[in-house]
Amino acid sequence: MSRTTVPVTITVDGTRYTDEVEPRTLLVHYLREQVGKVGTVVGCDTSNCGACTVHLDGRSVKSCNVLAVQADGSEITTVEGLEKDGVLHPVQQAFHDCHGLQCGYCTPGMIMQSIDLLNENPDPSEEEIRSGLEGNLCRCTGYHNIVKAVQQAAGGAR
Amino acid sequence: MTVTEDRPSVEPEIGQARKRKEDYRLITGRTRWTDNIVLPGMLHLAMVRSPFAHATITAIDASEARNAPNVVAVLTGADVAEVQGPLPCAWPITEDQKAPVHPAIAVDRVAFAGEVVAVVIARSAVAARDAAELVDVDYEDLPAALDLKDAAADTTLAHPDLGTNTSATWIFDSAEAGTGSPVEDAISTARDGGILLEREYRQQRLIPAFMEPRSTVVDPTGEQITMWSATQVPHILKIMLAMTQGIPESKLRVIAPDVGGGFGGKLQVTPEEVITLMAARRTGKPCKYTETRSESLMAGHHGRDQWQKLTLAATADGTVTGLKVELLADMGAYLGLVTPGIPILGAFMFNAIYKFPAYHFSCTNIFTNKTWTDAYRGAGRPEATFAIERLMDELAHEVGVDPLAIREKNWIKHEEFPFATVAGLEYDSGNYEAATAKARELFGYDELRAEQKRRRESGDPVQLGIGVSTFTEMCGLAPSRVLGSLNYGAGGWEHASVRMLPTGKVEVITGTSAHGQGHATAFSQIIADRLGVAFDDIEVLHGDTQVSHKGLDTYGSRSLVVGGEALVRAADKVIERARPIAAHMLEASADDLDFEAGRFSVRGTDQGVAMAEIALAVFAAHDLPDGVEPSLDAEATYDPVNFNYPHGTHLCALEIDTETGGVRMRKYACVDDIGNVINPLIVAGQVHGGLVQGIAQALWEEAVHDDAGTLVSASFVDYLVPTAADTISFDIEHTTTPALTNSLGTKGVGEAGTIASTPAVVNAVVDALRPFGVSDVRMPCTPERIWKAIHARDGADDGGGATAEAAMPHFDEDQAGANDEGAGR
Amino acid sequence: MIPAQFEYAAPTTVEEAVRLLAEAGDEAKILAGGQSLLPVLRMRLNAPEMVIDLGRIEALRGVRDDGDAIVVGAMTTHADVHADPLVREHAALVTEAVSHLADPQVRHRGTFGGALAHADPAGDLGAPALALGATFTMVGPHGSRTVEGEDFFEDLFTTALAEDEILTEIRIPKHTGWGAHYEKFVRVAHQWPIVAVAAAVRAEGGTIAEARVGLTNMGSVPLRARAVEDALVGKPATAEAVAEAAALAADGTQPPSDLNGDADYRRHLATVLTRRAVLAAAGA
């Protein structure tokens with residue numbers, strides 16, 4: 001089979017990138033290996049863990065479960081694109097304030113999904129927060145402080 | 001000298017809920033995971049793994065893979081047999097312990113499904129994976145030893161050359177040790193008019209399932225070989241690689257950069273680390289290997305996996321008189337770094353907080369053709385706590401009293417400390433009454449019992465179960481003398497050093513190796529108080545053997561209680577080194593100086609000098625007292641004199657839907673006594689996370705193999721790590737009985753939640769089901785098992801019923817062609 | 001892990017997609033969101049030579065009113081189906097079920113048609129689609145055809161779609177004013193259902209006038225519990241009456257046995273969940 005690559009143009013954290021990718025390249029590998037956005041990580045093969053969550057055209061997706069070619073022409077926001085002018089995004093700040101992370105490996109995905117959750121529902125109940133994060137696994141925190149962080153961020157948004 | 005005005009705040013740092021200094025890079029994605037590392041000319045590895053649990057390798061044809069695009073080399077076991085060295089086991093528990101050689105790459109036989117049989121080295125990860133698919137391995141299937149009890153009977157041999165599946169048997173007997181009376185006497189007395197409980201419990205096999213898959217990079221260029229690895233134990237890894245790979249220790253540098261969780265699962269010297277090292281040395285190029293999640297679940301070491309046969313003797317009123325523990329522990333196919341010792345860590349804990357006059361423990365370590373087991377959060381102690389806390393509930397039921405009452409009747413009273421236990425330990429401090437009273441109130445115990453009664457009386461299909469667990473654990477591994485007496489291959493000390501920089505900043509170097517615990521923050525708080533420098537002026541360095549040259553790393557809830565104490569001692573040496581210099585600067589006698597809040601002052605005057613000023617003066621070294629070395633830096637190596645013994649009382653309320661067997665956690669309250677707390681925010685996080693891991697053992701997680709020895713739960717689809725939607729917010733509080741064995745009065749906390757929560761949850765399940773005649777449900781307590789336990793009297797099987805060893809086939813090979821659009825979920 | 005190499009095409013019309021599929025033959029896989037296909041490819045359980053991505057075909061997206069039915073474009077994402085007012089008004093059971101499907105990220109990418117065509121018996125959409133009498137329209141080189149739900153699902157991961165056909169739309173008869181409930185039983189939230197029951201009920205006063213019941217993961221295909229439906233007609237929406245009908249839920253089913261439960265347990269679950277789903281749908 002021919003080793004063809006296809007061109008893609010993808011905007012990542014506000015910068016437009018034009019690259020050649022193999023069709024089989026997963027978005028997360030494109031972000032990590034070609035764009036250098038290593039803040040987004042891979043935690044599983046089956047789209048259960050959510051560590052790779054980014055925003056694709058404003059909605060959360062698991063970037064290990066999207067081909068880079070599918071994102072051609074799209075805008076991606078990763079955890080590295082949240083901080084503006086040295087000010088943390090309120091959800092980032094809340095994770096820090098509430099000790100919503102320990103090892104930090106699930107954190108990029110947790111933060112990106114928490115932002116999406118609050119975009120859809122700015123005033124979630126604890127139950128809504130918990131079910132909104134059902135696609136993200138954390139092994140350190142027991143989720144207690146992650147839930148608190150989202151509650152704090154929601155309170156800040158009101 | 002000047003009177004300094006900019007004194008640091010005198011508000012103590014210790015005890016403050018400082019937000020973590022580690023967080024910024026982690027919440028902004030500026031992280032350094034091993035897999036992030038890219039080096040010039042780097043090569044990538046892909047493993048070829050055995051699909052068979054036990055088979056002879058009859059041939060490997062790697063020619064097609066070798067010729068595939070961008071492949072540099074393919075190594076098989078035969079290629080490296082002479083050089084790969086055995087993987088180390090540092091804990092032979094008996095003199096006559098049997099063990100197979102543990103190769104990094106299997107040479108002529110594989111002993112578990114997932115074992116590496118070849119590695120492809122290529123210019124990209126993609127090319128390596130593509131070529132790995134082309135390696136053709138011929139296997140001749142051998143009978144596999146899979147079931148632990150069958151294996152113990154040697155019905156099938158995991159390693160035919162050993163002639164047996166028994167690796168070792170380890171025994172402790174209180175009568176022989178002189179710590180108690182003979183247990184058989186207690187048992188025969190109980191048989192005659194007392195209470196004798198004979199139970200068998202299963203500790204299912206678990207998988208640590210840290211979130212960051214393991215990854216290793218080795219750079220062989222330069223004078224030293226540098227290895228980055230997602231490990232908990234960079235120091236141990238370096239020493240072990242030097243001892244087994246024929247590399248002078250001084251030519252190796254191991255770095256644990258940001259490490260995404262471990263829970264014991266990264267306390268290992270792995271085949272993959274050795275293979276990456278061999279690949280880099282062979283090719284002369286930097287090499288990287290990062291595992292997939294499936295590989296991680298299949299080939300990273302597993303935990304637990306025991307059968308526990310228990311005999312508890314008591315008088316008719318429920319006073320315990322003896323405990324006999326007979327364990328079968330599944331080693332899996334090989335002995336990893338500390339595999340054989342894991343169940344032995346539980347040997348001293350089955351008696352727990354209770355005053356057993358007689359105790360006997362025996363453990364038989366058995367080989368099977370499964371992934372090897374090793375440390376997983378709690379390591380031996382959760383197993384012990386589970387057994388005794390389940391038994392105490394059974395005893396309460398037998399006597400007909402509240403489970404808290406039976407515990408109180410038998411536990412060590414606070415005025416009885418220090419207490420020499422029947423297992424030969426000396427508990428220095430504790431107050432079980434206080435923790436239990438507080439937990440009871442926090443939980444609303446009486447109200448929940450009242451609700452339980454109402455639901456029972458009304459025949460509510462949703463029943464309430466209330467589970468109790470107390471616990472203590474030995475943590476802070478470990479006094480070196482004790483480790484020596486257990487044949488462990490190393491000591492248990494820890495090292496720290498403090499470097500006073502001329503600009504007033506302080507570098508703290510610790511031999512512990514954090515991977516999420518928050519050491520940088522907690523250790524900064526300790527040093528801030530000790531040396532009177534600002535929290536933000538302290539940098540904690542760790543995890544690089546070239547920076548932290550000496551240490552024994554992080555596991556066994558040891559970092560604060562052993563590593564923190566080393567740190568305190570190093571800091572105290574800094575103060576003593578500064579004292580004569582301060583005296584010289586202040587033109588006073590050293591004996592007249594007081595040190596407080598980072599400042600030496602002359603008693604009875606307002607004259608003083610700050611540590612930062614002394615550091616600058618030492619750096620300049622223009623005017624030091626005669627014979628004084630121009631350095632304040634100091635180091636200390638601390639060997640603990642004893643373990644320490646955190647304890648706590650955990651209470652859990654579960655709603656059980658008797659129609660489906662479904663479980664919903666209603667409330668969980670715990671009061672842990674972990675001594676003095678350095679940072680309550682970090683401590684709470686450790687407890688929360690520990691609780692969920694323990695609860696997950698009770699309800700969800702199990703590594704299941706099918707009858708061919710294939711791991712069925714080999715992805716997160718089937719290995720059920722809970723989500724936020726499956727858990728609740730917890731009520732946690734503390735009582736404080738400072739440890740007497742370290743300066744800070746601290747006790748370990750990393751494993752506490754995991755140890756106590758599993759029995760609390762299972763006791764709650766059983767408590768809910770008592771009216772249905774249920775006295776046990778096997779872990780994980782699945783809805784199916786619960787439902788069947790409820791209906792056992794109607795002819796269904798009991799709660800121990802085996803579950804079908806098959807996964808749902810969501811990602812199976814699609815049989816058909818284009819008509820599966822495959823956008824399922 | 002990384003999928004094996006494949007060629008990729010992203011047609012913008014159904015005609016182009018059909019042509020590409022015909023050319024590639026059985027070496028091609030259709031990518032319709034990819035939330036199940038990509039894990040399969042990553043684990044190299046399947047290695048097609050060609051992947052045809054329907055994601056750029058605008059005509060396959062969206063929901064439209066078609067008289068006595070609503071029509072869902074196969075490439076409408078789960079999230080868009082969930083948010084759609086037409087679906088909510090006329091096929092509330094679908095809205096309910098899709099809210100339980102996988103997790104938010106997957107719902108943002110996965111598609112209605114993709115999930116149905118994947119035909120995972122544990123998928124959440126088959127049972128409600130069957131219960132509501134959905135029909136499936138597919139297009140191939142010889143034009144389009146439509147099949148009934150029970151003919152669409154043939155076996156585990158197997159549908160009536162021929163190798164050269166593409167599922168384009170799903171037509172769901174309106175069930176305006178019907179109560180609906182999807183009762184899903186899992187051990188942890190991110191699991192596929194061990195068993196789930198989709199129920200839609202038209203109640204008149206306190207009486208069940210009509211009922212539709214679909215079963216998830218009770219066999220190799222989603223099932224319709226017609227015996228339960230028939231038994232419910234004319235019954236009061238009380239726990240006793242509904243329980244009596246729900247007891248028939250597992251009749252004739254051949255549920256799987258796996259880590260999460262054996263067939264007997266699943267049969268039992270089906271009766272309990274059916275009772276609950278019907279009662280909730282009836283507003284009782």
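## Domains of chain B

In this predicted model, the C-alpha centres of domain 1 of chain B and domain 2 of chain B are 39 Å apart. The domain assignment places domain 1 at 23–31 + 493–638 and domain 2 at 41–148 + 208–299, and it also gives a domain 3, at 433–476 + 643–812.

## Where domain 1 meets domain 2

Between domain 1 and domain 2 of chain B, 19 residues of the former are in contact with 18 residues of the latter, and the two domains bury about 1,400 Å² between them, with 45% of it on carbon and sulfur atoms. On the side of domain 1, the residues that lose the most area to domain 2 are His515(B), Thr545(B) and Asp553(B), which together account for 40% of what that side buries.

Two salt bridges are counted between these domains, and the side chains of Asp544(B) and Arg253(B) meet in a salt bridge at 2.7 Å, N to O. Eleven residue pairs are in polar contact, and the side of domain 1 that touches domain 2 has three nonpolar, twelve polar and four charged residues.

## Where chain C meets chain A

The contact between these chains takes 32 residues from chain C and 39 residues from chain A, and the area buried between them is about 3,000 Å², of which carbon and sulfur atoms give 51%. Gln5(C), Arg42(C) and Gln105(C) supply 25% of the area that chain C buries against chain A, more than any other three residues.

Three salt bridges are counted between chain C and chain A, and Arg107(C) forms a salt bridge with Glu134(A), with the closest N and O atoms 3.8 Å apart. On the side of chain C that touches chain A, the largest share, six residues, comes from α6(C), and by class that side has 15 nonpolar, seven polar and ten charged residues.

Terms used:
Residues are numbered from 1 along each chain as its sequence is written. Chains are lettered from A and ligands numbered from 1 in the order in which they are written. This is a predicted model: local features need pLDDT of at least 70, side-chain atom pairs count only at pLDDT 80 or more; totals for chains, interfaces and linings use all residues. Side-chain values use heavy atoms; hydrogens and water are left out. Domain bounds come from an automatic or database domain assignment. Contact means heavy atoms within 4.5 Å. Buried area is the accessible area (1.4 Å probe) that two parts lose on being put together, summed over both. A salt bridge is a side-chain nitrogen of Lys or Arg within 4 Å of a carboxyl oxygen of Asp or Glu. A polar contact is a pair of N or O atoms within 3.5 Å; within protein, one must be able to donate a hydrogen and the other to accept it, and residues adjacent in sequence count only if both atoms are side-chain atoms. Ala, Val, Leu, Ile, Met, Phe, Trp, Tyr, Cys and Pro count as nonpolar, Asp, Glu, Lys and Arg as charged, and the others, Gly among them, as polar. Helices (H or I, at least four residues) and strands (E, at least two) are DSSP runs, numbered from the N terminus.
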